[in-house]
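This report introduces a structure to a reader who has not met it before. Please look at the sequence and the model together.

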Amino acid sequence: MRRIRVNRGISQEQLAWKAGIDRSYMSSLERQSKNPTIDLLDRIAETLDVQLSEFFVLPPKGARSPKTLPKSRKPAGPRRKKK
């Protein structure tokens with residue numbers, strides 16, 4: 001799931017919001033620490049516009065993990081000078 005999401009340039013937060021789930025739960029799914037229902041997997045696949053079976057395709061041997069996306073949160077404002 002993470003591989004597909006990162007390849008499409010979608011943040012966890014964006015995918016979770018579009019699929020109607022909590023971002024922390026999405027994170028748990030990507031880390032494989034939670035077991036989703038087939039209905040939820042179908043909803044996420046539909047959101048990513050892929051076939052559900054894509055979640056079960058193993059990456060090629062020796063393939064690297066996808067790089068993380070740049071932070072999508074609001075950039076920090078200018079720093080204040082200390083008095």
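Leaving aside neighbours within four places in sequence, which residues is Leu48 in contact with? With those neighbours set aside, Leu48 is in contact with Ile4, Arg5, Arg8, Ile10, Leu15 and Phe55, where contact means heavy atoms within 4.5 Å.

This is a predicted model, in which local features need pLDDT of at least 70 and side-chain atom pairs count only at pLDDT 80 or more, while totals for chains, interfaces and linings use all residues. Residues are numbered from 1 along each chain as its sequence is written, and side-chain values use heavy atoms, leaving out hydrogens and water.

The helices named here are DSSP runs (H or I, at least four residues), numbered from the N terminus. Helix α2 packs against helix α3 at an angle of about 110 degrees, and their axes, lines fitted to C-alpha atoms over the stretch in contact, are 8 Å apart. That makes α2 roughly perpendicular to α3, a term for angles of 65 to 115 degrees.

| Helix | Range | Residues that meet the other helix |
|---|---|---|
| α2 | residues 12–19 | Gln12, Glu13, Leu15 and Ala16 |
| α3 | residues 23–30 | Arg23, Met26, Ser27 and Glu30 |

The buried residues of α2 (under 20% relative accessible area, 1.4 Å probe, protein chains only) are Gln12, Leu15, Ala16 and Ala19. They cover an arc of only 100 degrees around the axis, judged by the directions from the helix axis to the C-beta atoms, which puts them on the same side of α2. On the other side of α2, Trp17 and Lys18 are exposed (over 50%). What covers the buried residues of α2 includes α1 (2–7), α3 and α4.

Notes
Axes are lines fitted to C-alpha atoms, for helices over the stretch in contact, and angles run from 0 to 180 degrees between N-to-C directions. Helices (H or I, at least four residues) and strands (E, at least two) are DSSP runs, numbered from the N terminus. Angles under 35 degrees count as roughly parallel, over 145 as roughly antiparallel, 65 to 115 as roughly perpendicular and the rest as oblique.
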